[in-house]
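Work through the exercises below with the sequence and the three-dimensional model at hand. Each one sets a task and then follows with a solution in steps.

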Amino acid sequence: MRLSAATIDRLPASVARFDYDRMAQRIGIVHLGIGAFTRAHQAVFTDRAMAAGDRDWGIVGASLSSPAARDMLNPQDGLFTVTETATDAPQTRLIGSVRDVIVASTTNDDLHRTLVSPDTAIVTMTVTEKGYHRRPDGSLDLAAVERAGGTLYNHLALAFAGRRDAGTGGLTLLSCDNVADNGRALAASLGAWLDHIDPTLGSWFASECTCPSTMVDRIVPAVTLTDLDTVEARLGVRDEAAVLTEPFAQWVIEDDFAGRRPRWDAVGAQIVANVAPYETAKLRMLNGAHSALAYLGLHRGLAYVHEAISDPVIGPTVERLMRDEAAAGLDPAPGQDLTAYADALLARFANSTLRHALRQIGSDGSQKIPQRWLASLEANRLRGRTCPETLSALAAWMLHVRGDGGPVDDPRAAGLAAAWDLAGRDGIVDAIVGERGLLAGVWRPRVQDNVILAERMATFDRR
């Protein structure tokens, strides 16, 4: 029996649930790229805000390509459960904030109507780094957007035109992806696209809309069929959209809204003047450590984060990367305790109830490591510091994209493979991070950095 509005009463009393009238809530948020992370994060904060008395913040999710989320959620009336797992008993909550899911590629009219509705005030998005179609230098790849079609830029441009013509007013656009300074990056890319297709619409966007920067943090492993079976046994109904996550959740949002907003801050979100110190710490410490665990762990034949952090070699390496390298290159906000943050991260990584797959974390590395590692390396270079542990992780990634662990899941896989074919191991460092390399422009390696990197590659290389 499938979870739905008709089967809520079959859920056990131990499942926490909302007490607001879902169908009485108007749609206030459109989310682009609705997936497991959104269901475990933004949807939970919004559900809790409405449960605390906020109103009219129902969410319409839009998938920009795959029908998977729609097929999971719509037969369940948008309902799903979030289970927080730790060493003690798991805690499950029914989430009611998502009302509908649209596949934008096939139902553009439905998405457009929702985006131009005067009830809609906020567009959130988790389209991953590659969904922004940015070049390595951060600028928008206009040709890539034109080739792809159906991107966030295409849909938002149509919505802006509709809202401008109807006098509806602007939107708050919240990127929730791990892109450095994501609000400014989104504003710059959207502005570039609008100037390309309609400069007058670009002017409207600049004056009517805002793009606050955000930082999101919650570990959400990919759900397996075994996980779904376990949840079903606990609930008594089948939840095809169930997510499992950790108890920890953080959302830091710049206080720059174009109009009304949910009272997310009443349920744990932080609304601040400057997100940058929190975002940078998360990118370089949590995400940087995650990527290091992924490539170092895969190299040693491990499968999960908790296995890698428990490894007698990898664990200390990653701890030093966080404490002695990533944190050392940061300028924290007043009261921001990076030592306590590192302590919390290590405890979260060791949570064995979350089977967070290293291969999942290791996908799309070329889109992630510039912010996670190269920016940290550059910050430390400017301070006269060398980062041997970060260089070890970078060496493991370079071997990973050669194909040492099997097929490479990365949008630049072909270019990376070609670089290996042309340069070989002796020249691959320069081909990737050199002055004209594939990832040039973020970090300026010194001679000693290149020596360490080459030595680590030679140590790791199995061929």
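**Exercise 1.** In this predicted model, determine how exposed Arg 425 is, and find which parts of the chain its salt bridge with Asp 461 ties together.

Solution. Begin with the accessibility of Arg 425, which has a relative accessible area of 35%; because a residue counts as buried under 20% and as exposed over 50%, Arg 425 is partly exposed. Next take its partner, Asp 461, which at 14% relative accessibility counts as buried. The side chains of these two residues meet in a salt bridge, with 3.1 Å from N to O. Finally, place both on the chain: Arg 425 lies in helix 17 (residues 413-433) and Asp 461 in the segment after helix 18 (447-460), so the pair ties together parts that are 36 residues apart in sequence.

**Exercise 2.** Carry out the analysis for the salt bridge between Asp 331 and Arg 383, and then turn to the one between Asp 265 and Arg 261.

Solution. The side chains of Asp 331 and Arg 383 come together at 2.9 Å, N to O. This pair links distant parts of the chain, since Asp 331 sits in the loop between helix 12 and helix 13 while Arg 383 sits in the loop between helix 15 (365-382) and helix 16 (388-404), 52 residues apart. Asp 331 is exposed, with a relative accessible area of 59%, whereas Arg 383, at 38%, counts as partly exposed. In the salt bridge of Asp 265 with Arg 261, the closest N and O atoms are 3.0 Å apart; Asp 265 is partly exposed at 37% relative accessibility, and Arg 261 is partly exposed at 25%. The count for the model comes to 26 salt bridges.

**Exercise 3.** Decide which residues of helix 13 are buried, how they are arranged around the axis, and what they pack against.

Solution. Helix 13 covers residues 338-349, and its 12 residues reach 16 Å from the first C-alpha to the last, close to the 16 Å expected. Its buried residues are Leu 338, Tyr 341, Ala 342, Leu 345, Leu 346, Arg 348 and Phe 349. Seen down the axis of helix 13, these fall within an arc of 160°, so they line one face of the helix. An α-helix has 3.6 residues a turn, so residues three or four places apart point the same way. The face turned away from the buried side carries the exposed residues Thr 339 and Ala 347. The buried residues of helix 13 pack against strand 8 (214-217), helix 10 (276-299), helix 11 (305-310) and helix 12 (314-326). At the N-terminal end, Asp 337 caps the helix, with a side-chain oxygen 3.1 Å from the backbone nitrogen of Thr 339.

**Exercise 4.** Find which residues have the most contacts inside the largest nonpolar core, and which helix gives the most to that core.

Solution. The largest nonpolar core has 57 residues, and those with the most contacts inside it are Met 285, Leu 293, Phe 349, Leu 394, Trp 397 and Met 398. Helix 10 gives the most to this core, with 10 residues. To follow one residue, take Trp 397: leaving aside its neighbours within four places in sequence, it is in contact with residues including Tyr 295, Ile 369, Trp 373 and Leu 439. A second, separate core of 44 residues includes Ile 59, Ile 95, Val 101 and Ala 121.

Technical notes. Residues are numbered from 1 along each chain as its sequence is written. This is a predicted model: local features need pLDDT of at least 70, side-chain atom pairs count only at pLDDT 80 or more; totals for chains, interfaces and linings use all residues. Side-chain values use heavy atoms; hydrogens and water are left out. Helices (H or I, at least four residues) and strands (E, at least two) are DSSP runs, numbered from the N terminus. The expected span of a helix is 1.5 Å times one less than its number of residues. Buried means under 20% relative accessible area, exposed over 50%, partly exposed in between (1.4 Å probe, protein chains only). The arc is that of the directions from the helix axis to the C-beta atoms. Contact means heavy atoms within 4.5 Å. A polar contact is a pair of N or O atoms within 3.5 Å; within protein, one must be able to donate a hydrogen and the other to accept it, and residues adjacent in sequence count only if both atoms are side-chain atoms. A nonpolar core is a set of buried Ala, Val, Leu, Ile, Met, Phe, Trp, Tyr and Cys residues joined through side-chain atoms within 4.5 Å. A salt bridge is a side-chain nitrogen of Lys or Arg within 4 Å of a carboxyl oxygen of Asp or Glu.
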